Amino acid sequence: EVMEENEIVKRCDLLNEVLWTCSGVDKRILRQCPTDYAKYAGIGGTILFTALMAMLSGGYAFYKVFADDPLGPIEDIHLICAIVFGIFWGLLIFNLDRFMVNTMYSDGTPKITKEELRGGMPRIILAIFLGVVISTPIEMRVFQDQIKVIVHQKQITVAQNQRNGSKDIQNNIAKYQAEIDKARKEWMDAEKRAQDELDGTSGTGIQGRGPSYEAKRSDAKAKKDIYDEVKTRNAPQIEALQDEVNSNRAEITKNVKGLKGFAAELDALYSMDGAALFMARLLVTLLFIAIEVIPTFFKMMMSSGPYDDLRRAEMHRVRVLSDKKISDINDQVNTMVKISVAKNKSKLEAEQTANKDLLNRIAMAQSELLQTAIDEWKEEEMKKVKANPSAYIKTSTTSETNNI
């Protein structure tokens, strides 16, 4: 009767219908209870807006994870993937919240009893976890400026530490290069002195090739050989050390780049100092935890209303019909069993009767055969007696004596 009455009730306004769907109530029953409209619309609204916040949070987190693509930025693809993942994440949280609220035990009183708290504790823990997960990307967006500063400082620190480790290599390169530069300078100075002697601008002041010029030319050649020897010896060392420096620079670039992205910003978020920043983060986290937990506590504190009474009545009706159907099935099965037993019994009795009749006929046949055999034997014996009575009497007497 309850369901028949619900079927004639018109639909409510669109907003209530949507919020009731989000809360997971039986709308056909709830339409009969105007006093409970606002209560379940509020639960549905909380679940809906939590899912929307989760959608934004998940989409932003996904975008931050894949925005710094090492293969190059593909903004359109990142944006589409973030939207798709955000919708998926929002629907997942929506389903979880809806399930938690609708499976909550409530005794129908405004007080939160120990039984309700014990039954709702797993859902409360899950709601707290979801609140933290949803709030983290939002916190990263809220404190983005502070996070960028911390990440940049860490990048500078890492780069500076690795550059300090390369100072010894740079000093060795400078030492080898200084030896080459010194030998080259001595060679170039000797070349200049020989040229000046040839031009007559210094030395003896006599222009032309003379003993003094030849001596200075020999000295310049010796200095050139020394320069070639130092360069040949130091150039491979400088090249090897320069390769090591380049490798260190590449490693520095790689390490600095590794400090970018979602993981680095998440680490920076949890490493922020300052009581004000900590309190701001804590408030944002508590806000989302409260949004997740409130529907659970609200369900515990809800008093039973007309909707709950009608729903219990409907559940009782369905349960009674289910029990009746089970009972009918049991009766049908029992009847089929009894019929089968009766059929088997009749079949067994018929088989027993048939077997008994067969045995009687076999016995009668055996009796007739035995009687016929006796009659035949009697006739044979009569013939023997008639043919020779004295011999038959003698034979019978001897047999009896032997038997005695």
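Visitor: Before we start, what does "buried" mean here, and is lysine 39 buried or exposed?
Guide: Buried means under 20% relative accessible area, and exposed means over 50%. This is a predicted model, and in it lysine 39 has a relative accessible area of 19%. That falls under the cut-off of 20%, so lysine 39 counts as buried.

Visitor: Where does lysine 39 sit, and which residues does it touch beyond four places away in sequence?
Guide: Lysine 39 belongs to helix H4, which covers residues 37-67. Leaving out residues up to four places away in sequence, its contacts are Phe298, Met302, Ser303, Gly305 and Asp308.

Visitor: What does isoleucine 43 contact, once neighbours within four places in sequence are set aside?
Guide: Phe298 and Met302 turn up here, and both are also on the list for lysine 39. With those neighbours left aside, the full set for isoleucine 43 is Ser23, Val101, Phe298 and Met302.

Visitor: Which helix supplies the largest share of the largest nonpolar core?
Guide: That core has 14 residues, and Trp20, Val25, Leu30, Tyr40, Ile43 and Tyr307 touch the most other members. At least two residues come from each of helix H2 (14-23), helix H3 (27-30) and H4. The largest share is five residues, and the helix behind it is H4.

Visitor: How many residues are in the other core, the one lying apart from it?
Guide: Its members include Trp89, Ile134, Val284 and Val293. The count for this other core is twelve residues.

Visitor: Are H6 and H11 roughly parallel or roughly antiparallel?
Guide: The axes of helix H6 (residues 114-142) and helix H11 (residues 275-301) come within 8 Å and cross at roughly 150°. Angles over 145 degrees count as roughly antiparallel. So the two helices, H6 and H11, are roughly antiparallel.

Visitor: Is that crossing left-handed or right-handed, and how many nonpolar residues are in the contact?
Guide: The crossing of H6 and H11 is right-handed. Their contact also has five polar and four charged residues. As for nonpolar residues, the number is 14.

Visitor: Stepping back, how many helices and strands does the protein chain have?
Guide: Read from the N terminus, the elements go α-α-α-α-α-α-α-α-α-α-α-α-α. The tally is 13 helices and zero strands.

Visitor: What share of contacts between residues at least 6 apart join residues at least 24 apart, and what share of residues is buried?
Guide: For those contacts in the protein chain, the share joining residues at least 24 apart is 74%. The protein chain has 404 residues, and the buried share is 27%.

Key. Residues are numbered from 1 along each chain as its sequence is written. This is a predicted model: local features need pLDDT of at least 70, side-chain atom pairs count only at pLDDT 80 or more; totals for chains, interfaces and linings use all residues. Side-chain values use heavy atoms; hydrogens and water are left out. Buried means under 20% relative accessible area, exposed over 50%, partly exposed in between (1.4 Å probe, protein chains only). Contact means heavy atoms within 4.5 Å. Axes are lines fitted to C-alpha atoms, for helices over the stretch in contact, and angles run from 0 to 180 degrees between N-to-C directions. Angles under 35 degrees count as roughly parallel, over 145 as roughly antiparallel, 65 to 115 as roughly perpendicular and the rest as oblique. A crossing is left-handed if the near helix is turned anticlockwise from the far one by less than a right angle, and right-handed if clockwise. Ala, Val, Leu, Ile, Met, Phe, Trp, Tyr, Cys and Pro count as nonpolar, Asp, Glu, Lys and Arg as charged, and the others, Gly among them, as polar. A nonpolar core is a set of buried Ala, Val, Leu, Ile, Met, Phe, Trp, Tyr and Cys residues joined through side-chain atoms within 4.5 Å.
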